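Trainee: Hi, could you walk me through one of the helices in this model?
Mentor: Happy to, let's pull up the structure.
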Amino acid sequence: MFERFPALFGSVIEAALAPHPVDRYLELVDPMITWSDLRAKVVEVRRPTPRAVTLVLAPTRQWTGFRAGQYIQLSTVINGVRHTRCFSPANAESGRDGRVELTITAHDDGFVSKHLRDHAKVGDVVGLTPATGDFVLPEQRPRNAVFISGGSGVTPVLSMLRTLVAERHTGRMTFIHYAASPDDVAYADELVDLDRLHDAVTVHTIHTRHAVDGARHSGHLTDEHLTDLVPGLADVEVFVCGPAGLMDAAREFFDVRGLGDRVHSEAFTAPASFAPDPDEPVSGTLRFASSKTESDNDGRTILEQAEAAGLTPEFGCRMGICFSCTAPKKSGCTRNVLTGEMDTESDKHIQLCISAPVGDVEIDI
């Protein structure tokens with residue numbers, strides 16, 4: 001009975017203050033005083049490159065920590081509208097009292113990332129979700145590890161490397177980072193220091209567009225890079241995060257050598273567009289009930305077709321992992337473009353970014 005008291009008390013308070021949650025009232029006093037919402041205050045801002053911003057966050061009491069390699073969802077209000085995106089902490093893993101370091105690169109089409117780069121400041125309060133994701137260091141640490149990253153994909157694997165260093169790991173740790181030019185390496189100085197100060201750590205930074213005098217390698221990942229830079233290939237665990245081309249090349253290299261089971265990877269960016277299933281006939285009409293709009297189904301995801309119809313549904317990662325773009329499906333059949341699974345259930349919330357219509361579909365947008 002007493003163990004349930006906080007939850008029961010919270011339910012009573014929420015009911016008494018309906019229709020708004022308790023936190024809507026508390027935030028009028030201080031946005032960092034929350035009953036249930038997980039939030040964080042920006043306590044430090046750095047801009048290590050012209051395209052990137054580093055935010056150090058102090059979370060509220062609901063934070064439970066993270067494992068190296070996981071991601072969180074950060075939400076911020078821009079022009080009165082709350083937007084949510086997924087980012088991976090770059091600092092060593094920590095518990096509930098730890099801070100969170102995010103380094104965010106502003107891409108050309110990155111509405112939220114450009115806003116944070118240009119406008120984030122100390123004292124801002126953002127929304128967070130608990131850390132999640134399966135791309136993590138195993139509990140039984142690998143004897144020898146190779147970390148391969150490209151561009152913004154540096155953050156989860158740097159978190160892994162920082163964690164092992166903090167734990168005084170003595171196995172070989174090889175870190176290979178690909179960036180367009182020296183100006184695009186947000187952690188350039190720290191990577192140099194990690195290589196210089198820790199005998200077990202070897203760091204290689206490879207520039208894909210601008211060759212540097214004296215550089216051992218340049219260009220995108222090749223078999224030659226890995227055979228030259230990774231000692232003891234048969235005795236390593238490999239962690240890869242970055243653009244699809246980088247990850248494909250790394251996985252193919254180890255697959256050919258019968259070492260594919262040693263490779264752990266996470267897609268850092270979503271595909272530009274999910275192509276329609278060539279084996280599924282494209283037909284029907286997609287109706288957007290709330291907007292009183294409809295369009296001929298072209299086989300793409302509902303999110304893409306809604307945007308093509310001039311609608312602006314909320315979305316986050318566009319990869320089916322953040323659940324920001326859900327909406328009620330009123331009727332019809334949809335296909336999950338990641339799994340191929342069909343769904344004919346009506347009045348059910350579905351994810352717009354990974355659901356494609358099969359025939360006539362009505363969605364409440």
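Trainee: Which residues of α4 are buried?
Mentor: Keep in mind that this is a predicted model. The buried residues of α4 are Val154, Thr155, Pro156, Val157, Leu158, Ser159, Met160, Leu161, Arg162, Thr163, Leu164 and Val165. That makes 12 of its 13 residues, so α4 is mostly covered, with buried meaning under 20% relative accessible area.
Trainee: And what covers them?
Mentor: The cover includes the strands β5, β7, β8, β9 and β10, along with the helix α5.
Trainee: Let's stay with α5. Which residues meet there?
Mentor: From α4, Leu158, Leu161, Arg162 and Val165 meet Glu190, Leu191 and Leu194 of α5. Those contact residues divide into five nonpolar, no polar and two charged.
Trainee: How do the axes of the two helices cross?
Mentor: The axes of α4 and α5 come within 13 Å and cross at roughly 35 degrees. The crossing is left-handed.
Trainee: What span should α4 have, and what does the model give?
Mentor: At 1.5 Å a residue, the 13 residues from 154 to 166 should span 18 Å. The end C-alpha atoms of α4 are 18 Å apart, which agrees.
Trainee: What happens to the backbone just after α4?
Mentor: Arg168 takes a positive phi of about 60 degrees there.
Trainee: New topic: how many disulfides does the structure hold?
Mentor: Zero.
Trainee: Then what about Cys86 and Cys241, buried or exposed?
Mentor: Cys241 has 0% relative accessibility, so Cys241 counts as buried. Cys86 is partly exposed, because its relative accessible area is 22%, and buried means under 20%.

Terms used: Residues are numbered from 1 along each chain as its sequence is written. This is a predicted model: local features need pLDDT of at least 70, side-chain atom pairs count only at pLDDT 80 or more; totals for chains, interfaces and linings use all residues. Side-chain values use heavy atoms; hydrogens and water are left out. Helices (H or I, at least four residues) and strands (E, at least two) are DSSP runs, numbered from the N terminus. The expected span of a helix is 1.5 Å times one less than its number of residues. Buried means under 20% relative accessible area, exposed over 50%, partly exposed in between (1.4 Å probe, protein chains only). Contact means heavy atoms within 4.5 Å. Axes are lines fitted to C-alpha atoms, for helices over the stretch in contact, and angles run from 0 to 180 degrees between N-to-C directions. A crossing is left-handed if the near helix is turned anticlockwise from the far one by less than a right angle, and right-handed if clockwise. Ala, Val, Leu, Ile, Met, Phe, Trp, Tyr, Cys and Pro count as nonpolar, Asp, Glu, Lys and Arg as charged, and the others, Gly among them, as polar. A disulfide is a pair of cysteine sulfur atoms within 2.5 Å.
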